[in-house]
Amino acid sequence: MTEYILCFILFCIGLYAVVIKRHIIKIIIGIGIMEYAVNLLFILIGYKHGAGFPFIEENMKVMAGVSMVDPLPQAIVMISIIINLTVVAIMVALAVRIYEKYGTFDITKIKRLKG
Amino acid sequence: MGNDNRQVTEIRGMSLVVKTVARISVGMILMFGVFTAFYGHINTGGGFAGGVIIALAMILMLVSYGRDIFTNRFDEYKALSFLALGVLGFLVLMSLGLFVKDGYFCMNIFDKGKPFGLISSGVILPSNLIVLFAESAGLLTIFLGLVYFKVWKGK
Amino acid sequence: MITLQVLIVFMIIAAVVAVEIQDLLSSVVSVGAIGLALSLCFLLLKAPDLAVVQLVVEILVLIILIRATMSRDTKGSERMRLFPYVAGIVFISVFTFYGYAVLNGIPEFGHPVMKVSGQYIKHALVQTGSANVVMAVMLDYRVFDTLCRITILLTAAVGVLTVLRRESRKKQEEVKTDGK
């Protein structure tokens, strides 16, 4: 149970960075921390005490979920990890473009809407 | 002082030690990435990890030798066409199930083979290879787009 | 598991450092430390596929973030604003309320439910022929998610190249008509 609470605290740190900070790169880092916390929570839910890797070895009698950790959250989190990489990449591209146009990363100074 | 008439040749990239080590190790990194993708149905990793490893090998060469190593022959738009070819190949592979009687989209139609062998598991092995190709091309596109971005004057 | 709890506490400390420190390069290095500790957590939680993927993706995220932050300024305005702190307290309290409700509902740590995954493990080798159950789930039972991932990659690559375009099309035509 403490692992879940620590995972929620990690998510709250990311949420604090997104809402309160005014530097665009800090906001991107906050979104990245939230992504880490969510992936960790999925794998924490799927863990089983005393079980092995989700691999089938030779000469192994496989019954329904006897001695392996849950493979379904692992497949979903693997896709989530690489999607998060793509999202961070496009956020950084937008941040670089904003810097070249406005000369600053401070979100309180990026107010002009002219093209 | 005016013009100095000096010829300044800019040496791009890193030092000679880094260049030599990068040139030696990039082949091994590429081979490890392809191995991870080929044995995805037996060992850890799969197409996604292999694709990212191959993209990292290209980034190693780009960072060690400077950004001019790719420019004339391979800019980011050519990498984008490779990515589009990879996506098209994946769609074609998944549509092969529609031409079989009682087939459906994304059906595992190839022969399952002997378990724990290399050529086994039906459509999973070609899927891993196409995902390797598409993933490495896509990540290389994104990285080249970030590297080559310059502000053009007089906009 | 005590090692797992120590690793998550390390991730929390590194996250606080990454968010609060003024120098951008140190901030990015702390993000790398969080990713490495997360890869170790995945290894402790018996997920080797994820440990490999998290490690290489973390390196790529570090390279992209450093590209954005090198030789850029870091100073911000000194005026304190009240509205973000109020919004932050509201969001974190809403999250804490729902987090507490979730903690009563999810299964205890170490005893997962595994209704669907039991069937996946039982039939993976016979139905798909693959020994890696995670790959069998990702590329046979749930192959639509992989198809969606590849589509997202194509969209994001086109998006990045559009945002970071080098020359506009009109300028290329002007150059052509001038130099003919």
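This tour goes through a predicted model chain by chain and contact by contact.

**Start with the whole model**

Show all chains before selecting anything. The model has an ipTM of 0.90 and a pTM of 0.89. Colour chain C by pLDDT: its average is 87, and 87% of its residues score at least 70. Where pLDDT is low, predicted coordinates should not be read in detail.

**Select chain C**

Display chain C as a cartoon. It contains 8 helices and 0 strands, so no beta element appears in the order of its elements, α-α-α-α-α-α-α-α from the N terminus on. Chain C has 180 residues, and 37% of them are buried. Taking the contacts in chain C between residues at least 6 apart in sequence, 39% join residues at least 24 apart.

**Zoom in on H2 and H3 of chain C**

Select residues 24-44 of chain C, which form helix H2, and residues 48-69, which form helix H3. How do the axes of H2(C) and H3(C) cross? They come within 8 Å and cross at roughly 175°. That angle makes H2(C) roughly antiparallel to H3(C).

Now show side chains along the contact. On H2(C), look for residues including Leu24(C), Val28(C), Val31(C), Gly35(C), Leu38(C) and Phe42(C). On H3(C), the residues that meet H2(C) include Pro48(C), Ala51(C), Leu55(C), Glu58(C), Leu62(C) and Ile66(C). Coloured by class, the contact of H2(C) with H3(C) shows 15 nonpolar, 5 polar and 1 charged residues.

**Move to chain B**

Hide chain C and select chain B. Chain B has 4 helices and 0 strands, following the pattern α-α-α-α along the sequence. Of its 155 residues, 35% count as buried. Among contacts in chain B with a separation of 6 or more, 65% are between residues 24 or more positions apart.

**Zoom in on H1 and H2 of chain B**

Select residues 16-38 of chain B for helix H1 and residues 47-65 for helix H2. The axes of H1(B) and H2(B) come within 8 Å, with a crossing at roughly 170°. H1(B) and H2(B) are therefore roughly antiparallel to each other. Their crossing is left-handed.

Which residues make this contact? From H1(B), select among others Val18(B), Ala22(B), Val26(B), Ile29(B), Gly33(B) and Ala37(B). From H2(B), the residues in the contact include Gly47(B), Gly50(B), Ile53(B), Ala57(B), Leu60(B) and Tyr65(B). By class, the contact of H1(B) with H2(B) is made up of 15 nonpolar, 5 polar and 1 charged residues. Lys19(B) of H1(B) also belongs to the contact and can be added to the selection.

**Bring chains A and C together**

Show chain A beside chain C. Here 72 residues of chain A are in contact with 75 residues of chain C. Which helices of chain A each supply at least two residues to the side that touches chain C? They are helix H1 (2-20), helix H2 (24-45) and helix H3 (71-102) of chain A. Select H3(A) next: the largest share of this side, 22 residues, comes from H3(A). Colour the side of chain A that touches chain C by residue class, and the split is 53 nonpolar, 11 polar and 8 charged.

**Finish with chains A and B**

Hide chain C and show chain A with chain B. This contact takes 7 residues from chain A and 7 residues from chain B. On the side of chain A that touches chain B, 5 residues are nonpolar, none are polar and 2 are charged.

Key
Residues numbered from 1 in each chain as written. Chains lettered and ligands numbered in written order. Predicted model: local features only at pLDDT ≥ 70, side-chain atom pairs only at ≥ 80, totals over all residues. Contact = placed C-beta atoms within 7 Å. Nonpolar A, V, L, I, M, F, W, Y, C, P; charged D, E, K, R; others polar. Buried ≥ 20, exposed ≤ 12 C-beta atoms within 10 Å, placed from the backbone. pLDDT = per-residue confidence, 0-100. Axes fitted to C-alpha atoms, helices over the stretch in contact; angles between N-to-C directions. Parallel < 35°, antiparallel > 145°, perpendicular 65-115°, else oblique. Left-handed = near helix turned anticlockwise from the far one by under 90°.
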